[in-house]
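Me: I am new to this structure. Please take one part of it and walk me through that part closely.

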Amino acid sequence: MSNPEKNKQPDTGAAVQKQINRRNFISFGTFAVLGVAAFGGWKSLYNSAIETTGITGGAHKPLRRALNKSELFFRNFFSNNHLVKTYPKSMAAKKVRQNTSIGADSKLDADNWRLQVKKLSGELLAITLDEIKALPKTELIFDFKCVEGWDQIQHWGGVRFVDFVEHFGLQPETRLNYVGMETPDKGYYIGLDMDSAMHPQTILAYEMNDMPLPVGHGAPLRLIIPVKYGIKNLKRIGSINFSNHRPHDYWAEQGYDYYSGL
Ligand SMILES: Nc1nc2c(c(=O)[nH]1)N[C@H]1C(S)=C(S)[C@@H](COP(=O)(O)O)O[C@H]1N2
Ligand SMILES: [Mo]
């Protein structure tokens, strides 16, 4: 059998060199073009406006746009039918980890505590803990996650936020895009997208391990929202408000992701 390759005239040295030169020229050219494009991209990002600090922490505008896009992406994927994994009670930690208590470390005035809710009508509700405890109780055992890198299976009890909303006639308020919550002294505050607040596993908790909530864990009432990192699980809730613009958020102001979803 004859091999056509074998019969081919070998290339002359000059022809090979010419081909190498041509390839070098093309690959160097491509490299140079990509390099200029990358530098241009970096430079326009570098020169782009820095967001005013406030709600989000001073990111360059194009980066913030990308972050907002990814937030929308996750929100679209996020569905209230997706439940966070739960565990048997026996797996819940007996020694529950405690983290910072900004806005919740002064002495608690339990007798005068009221949950203030601002309605769209302008009416201000002042709800007592007994009124909240009278609503159906939901228990939740899930893996609580802090952005600092730890997690722990914990057992909480309280009223589902959806049940709370329904009981106090806050349906019109939930047509807005955001919920804001603050400690009574306004030292710590969080903003939540409405879908996450209305998730069936979001609870206003007044119990931990079947006992009244200890002060260090947010007595008399704290938020437990398993679709978010710990930073959004506000301890010692003083007030709740609803709006179409993002409520201010303590850690977002420090540059953390506003959505902070899991
Ligand atoms: N009022 C208030 N709520 C807060 C915080 C805080 O500093 N102040 N820290 C948050 C953070 S970062 C975490 S991880 C959890 C910790 O809750 P724990 O102390 O019950 O473990 O509370 C969140 N809620
Ligand atoms: Mo945290």
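Reply: Start with a term. Strands here are DSSP runs of E with at least two residues, numbered from the N terminus. With that in hand, look at the loop between strand 7, residues 203-208, and strand 8, residues 211-212. Keep in mind that this is a predicted model.

Two residues of this loop deserve a look. Asparagine 209 lies in the loop, and so does aspartate 210.

Take the backbone first. Asparagine 209 has a phi near 50°. That value is positive, and the residue is not a glycine. Aspartate 210 also has a positive phi, about 65°. Aspartate 210 is no glycine either.

Now the surface. Buried means under 20% relative accessible area, and exposed means over 50%; partly exposed is in between. Asparagine 209 has a relative accessible area of 22%, so it counts as partly exposed. Aspartate 210 is at 42%, and therefore it is partly exposed as well.

What lies across from the loop in space? Asparagine 209 and glutamate 139 are 70 residues apart in sequence. In space, their C-alpha atoms are 9.5 Å apart.

Follow the chain past strand 8. Another loop runs between strand 8 and strand 9, residues 222-224, and proline 220 lies in it. The peptide bond that joins alanine 219 and proline 220 is cis. Its omega is about 0°.

Next, turn to ligand 1. The space it takes is the largest pocket. Around ligand 1 there are 20 residues. Those that come nearest are Arg97, Ile102, His217, Arg222 and Lys235. By type, the shell holds eight nonpolar, nine polar and three charged residues.

Some polar contacts can be placed exactly. Histidine 217 has a side-chain N or O atom 2.7 Å from an oxygen atom of ligand 1. Threonine 100 brings a polar side-chain atom to 3.0 Å from a ligand oxygen atom. Asparagine 233 takes part through its backbone: a polar atom there is 3.0 Å from a nitrogen atom of ligand 1. On its own, ligand 1 has 540 Å² of accessible area, and the protein covers 99% of it.

To recap, the loop after strand 7 holds asparagine 209 and aspartate 210. The loop after strand 8 holds proline 220, which is joined to alanine 219 by a cis bond. Ligand 1 takes up the largest pocket.

Notes. Residues are numbered from 1 along each chain as its sequence is written. Chains are lettered from A and ligands numbered from 1 in the order in which they are written. This is a predicted model: local features need pLDDT of at least 70, side-chain atom pairs count only at pLDDT 80 or more; totals for chains, interfaces and linings use all residues. Side-chain values use heavy atoms; hydrogens and water are left out. A residue is near a molecule or strand if one of its heavy atoms lies within 4 Å of it. A polar contact is a pair of N or O atoms within 3.5 Å; within protein, one must be able to donate a hydrogen and the other to accept it, and residues adjacent in sequence count only if both atoms are side-chain atoms. Accessible areas come from the Shrake-Rupley method with a 1.4 Å probe; for residues, only the protein chains shown count as cover. On a 1 Å grid over the protein atoms alone, a cavity is a set of points where a 1.4 Å probe fits but cannot get out, and a pocket is an open set with protein on both sides within 12 Å along at least five of seven lines; lining residues have an atom within 4 Å of a point. A molecule sits in a cavity or pocket if more than half of its atoms lie within 2 Å of its grid points. Ala, Val, Leu, Ile, Met, Phe, Trp, Tyr, Cys and Pro count as nonpolar, Asp, Glu, Lys and Arg as charged, and the others, Gly among them, as polar. Helices (H or I, at least four residues) and strands (E, at least two) are DSSP runs, numbered from the N terminus. Buried means under 20% relative accessible area, exposed over 50%, partly exposed in between (1.4 Å probe, protein chains only).
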